Amino acid sequence: MTQRINWLPIWLLGPVAILLAVILIWPIVQGVALSFFNTRILNYSAGKFIGLANFNALFQDEYFWNSLRVTAIYGAASVICTYALGLGFALLLNRDFKGRGFIRTIFILPWAIPEVVAVLIFAWMLDPQFGVGNYLLVMIGVIEQPQAWLSQSHLALPALVVLTAWQQFPLAMLILLAGLQTIPEEQYEAARMDGAGAWTRFVHVTLPGLRSVNVILILLLILNSFRRVTMIYAMTRGGPARSTETLSVLTYNTAFEYQRVGYAAAVGTVLLLILLAFSLVYFWSIMRSNQAK
Amino acid sequence: MTPARKKSILNGFWFVLTLVCAAIVFFPYYWMFVSSVETDSIFTWPPHLIPSGFSLESYWTIFEERDIGRWLLNTLIVAGSTSLFSTIIAINAAYALSRFKTTTTSVFTVIILFSQLLPAALIVVPLFVIFQQIGLYNSLVGLAIADTAFILPLAIWLLKGFFDQIPVEIEQQAMIDGCSQLGAFYRVILPLSLPGLVVVVAMSFISGWDEFFLARTLIASQDQWVLSVGLTSFRGEYTLDWSQMMAAAVIFALPALAFFLVVQRYLVAGLSAGAVKG
């Protein structure tokens with residue numbers, strides 16, 4: 001007996017299938033394929049198959065290793081700062097006080113403005129001559145004199161991490177806030193009965209209660225940091241002296257500044273493989289935490 | 001000190017700390033606005049933390065001297081079309097994923113989840129050429145189509161969450177009363193999920209409005225630029241007037257903020273649940 005095919009879901013999903021196929025999936029397939037060709041923008045349809053030559057060149061390219069290092073440092077620093085701010089503010093907001101909804105909205109706002117606007121505000125605040133950020137940092141004693149944050153290679157990455165943390169912490173905060181609300185009040189009560197102070201309660205009740213949320217959130221933040229292009233590109237274009245050139249930005253610059261499409265595709269393919277590895281762990285932890293519920 | 005008194009002091013401390021943190025988080029917004037309306041020159045040291053006056057002159061100047069009006073219109077076209085396309089497509093797809101459990105739909109669920117995590121930097125390299133081949137390069141509608149593809153996975157996922165909450169019995173009742181399955185969906189389920197629709201309309205509008213990376217890659221000529229690309233182009237200039245720049249930033253940020261505030265309650269719940277539950 002043959003099962004009757006229900007065509008309705010197929011019709012309903014058709015437009016999505018076409019769009020995702022043409023704009024996301026086919027380009028990814030083509031991108032991976034291009035990494036085996038010596039294609040440039042000018043000879044796009046006539047690139048020659050060169051096997052693994054792009055990858056061989058890549059692994060001897062100091063700019064590639066530099067980019068891998070920048071990706072790791074930027075990823076680690078921005079995830080740690082984003083998470084720390086998110087957790088701190090989630091704990092502050094997880095208390096009862098007047099005007100909590102309003103304060104929460106203020107904390108979410110950085111996430112709601114266009115990334116480009118966040119970049120422009122920070123670029124102005126960090127202006128070497130008139131930037132208010134420099135003024136305030138000198139005033140509280142972090143730096144001795146105003147710095148040209150975005151044109152010195154040892155300062156651009158920290159500036160970018162601060163911008164990222166400011167713009168992205170609301171996502172972490174909201175997810176952690178949702179996680180905090182699943183911890184039963186009785187556990188805190190029981191800990192208080194045993195004479196546990198605030199810090200002990202935090203370490204022995206709050207942190208274990210957030211464990212499954214933490215794993216998923218941190219993986220999500222890592223994935224986002226590897227994929228991020230708009231903010232980094234609009235802020236520094238990967239400079240100065242490639243000090244902020246993550247793999248994403250290197251892929252883009254290699255293709256569109258240096259016009260080496262095949263080589264760029266090889267960089268992008270390495271990025272894709274790293275992302276796939278992390279997303280498998282990410283989906284695996286989501287499935288495991290759903291089963292646990 | 002009595003425990004009650006100690007507790008109220010502690011509460012006061014946390015409250016003040018919360019306010020201080022909120023002020024620090026809010027400061028960049030404050031500074032954007034202050035810089036755009038300051039009457040004195042903003043190029044002073046030390047900077048005036050409190051503006052010495054209020055003037056909209058930077059706003060008038062930037063509209064007169066730059067193509068802001070044109071870019072605003074282009075951005076509106078892109079964001080509007082993105083919102084329209086994404087909502088129409090997402091409604092049908094989310095309904096299919098919510099109500100049919102077949103191999104097709106489960107394959108689709110996996111594709112949609114994975115496509116959210118693909119690296120845009122690799123996608124745009126071939127997409128740049130594909131768009132030239134199919135005639136969508138340097139076109140605002142083409143850009144909106146690309147934006148739609150990037151926001152669809154999230155839009156579908158959010159909307160599916162709303163449809164999942166509506167009991168199947170409601171549309172079964174409508175079908176007994178003589179509706180077709182699709183008819184029951186459009187006439188009964190859709191009106192019930194109005195908040196979900198509003199969220200998807202607003203969210204896809206915001207994402208089309210904000211988008212920079214695709215616009216930077218897929219649009220060539222200056223008269224087709226959107227605000228995100230136009231604004232960042234000022235940065236390379238030698239005589240950059242930050243006051244006008246901040247005025248432009250306010251103009252660019254306000255619509256996105258307004259849309260966000262309208263739907264934040266639903267959006268926040270849906271997004272944080274979506275990220276954790278997958």
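Arg242 of chain A counts as partly exposed, because 18 C-beta neighbours lie inside 10 Å, and burial would require 20 or more. The model is a predicted one. Arg242(A) sits in the loop that joins H11 and H12 of chain A. The phi angle of Arg242(A) is positive, at about 60°, although the residue is not a glycine. The loop between helix H11 (230-236) and H12 of chain A also holds Pro240(A). The peptide bond that leads from Gly239(A) to Pro240(A) is cis, with an omega near -10°.

A positive phi in a residue other than glycine is found in chain B as well, at Asn138(B), where the value is near 60°. Asn138(B) belongs to the loop between H5 and H6 of chain B. With 14 C-beta neighbours inside 10 Å, Asn138(B) is classed as partly exposed, since the exposed class is limited to 12 or fewer. Gly135(B), which follows H5(B), has a positive phi near 75°.

Chain A contains 13 helices and zero strands. Its order along the sequence is accordingly written α-α-α-α-α-α-α-α-α-α-α-α-α. Along the principal axes, the C-alpha atoms of chain A fill a box of roughly 80 × 75 × 35 Å. Chain A has 293 residues, of which 44% are buried. For contacts in chain A between residues at least 6 apart in sequence, 66% link residues at least 24 apart.

The contact between the chains involves 71 residues from chain A and 74 residues from chain B. On the chain A side, helix H1 (residues 7-34) supplies the largest share, 16 residues. By class, the side of chain A that touches chain B comprises 58 nonpolar, 10 polar and three charged residues.

In chain B, the domain assignment gives domain 1 as 1-55 and domain 2 as 67-277. The centres of domain 1 and domain 2 of chain B, taken over C-alpha atoms, are separated by 34 Å. Contact between the two domains of chain B involves six residues of domain 1 and six residues of domain 2. The side of domain 1 of chain B that touches domain 2 has three nonpolar residues, two polar residues and one charged residue.

The unreviewed UniProt entry annotates residues 12-31, 71-95, 107-134, 140-163, 184-206 and 242-263 of chain B as "transmembrane region". Two of these spans were examined in the model. Residues 107-134 of chain B are 82% helix and 0% strand, and the end C-alpha atoms of the span lie 28 Å apart. For residues 184-206 of chain B, the corresponding values are 96% helix and 0% strand, with the end C-alpha atoms 30 Å apart.

Helix H5 (residues 120-133) of chain B has 14 residues, so a span of 20 Å is expected at 1.5 Å a residue; the end C-alpha atoms are 20 Å apart, which agrees. H5(B) nevertheless bends by about 30° at Pro126(B). Pro126(B) is also one of the buried residues of H5(B). The others in that set are Ala120(B), Ala121(B), Leu122(B), Ile123(B), Val124(B), Val125(B), Leu127(B) and Phe131(B). The packing of the buried residues of H5(B) involves helices of both chains. In chain A the partners are H1, helix H10 (211-227), helix H12 (247-256) and helix H13 (261-292). In chain B the partners are helix H6 (140-164) and helix H10 (213-218).

Ser83(B) is placed in helix H3 (residues 68-99) of chain B. Ser83(B) counts as buried because it has 26 C-beta neighbours inside 10 Å, against a threshold of 20 or more. When neighbours within four places in sequence are left aside, Ser83(B) is in contact with Val201(B), Ser204(B), Phe205(B) and Gly208(B). Ser83(B) and Tyr266(B) are 183 residues apart in sequence, and their C-alpha atoms are 17 Å apart in space.

Note on methods:
Residues are numbered from 1 along each chain as its sequence is written. Chains are lettered from A and ligands numbered from 1 in the order in which they are written. This is a predicted model: local features need pLDDT of at least 70, side-chain atom pairs count only at pLDDT 80 or more; totals for chains, interfaces and linings use all residues. Domain bounds come from an automatic or database domain assignment. Two residues are in contact if their C-beta atoms, placed from the backbone, lie within 7 Å. Ala, Val, Leu, Ile, Met, Phe, Trp, Tyr, Cys and Pro count as nonpolar, Asp, Glu, Lys and Arg as charged, and the others, Gly among them, as polar. UniProt positions are given in the numbering used here, feature names are shortened, and annotations may be inferred rather than shown by experiment. Helices (H or I, at least four residues) and strands (E, at least two) are DSSP runs, numbered from the N terminus. The expected span of a helix is 1.5 Å times one less than its number of residues. The bend at a residue is the angle between axes fitted to the seven residues ending there and the seven starting there.
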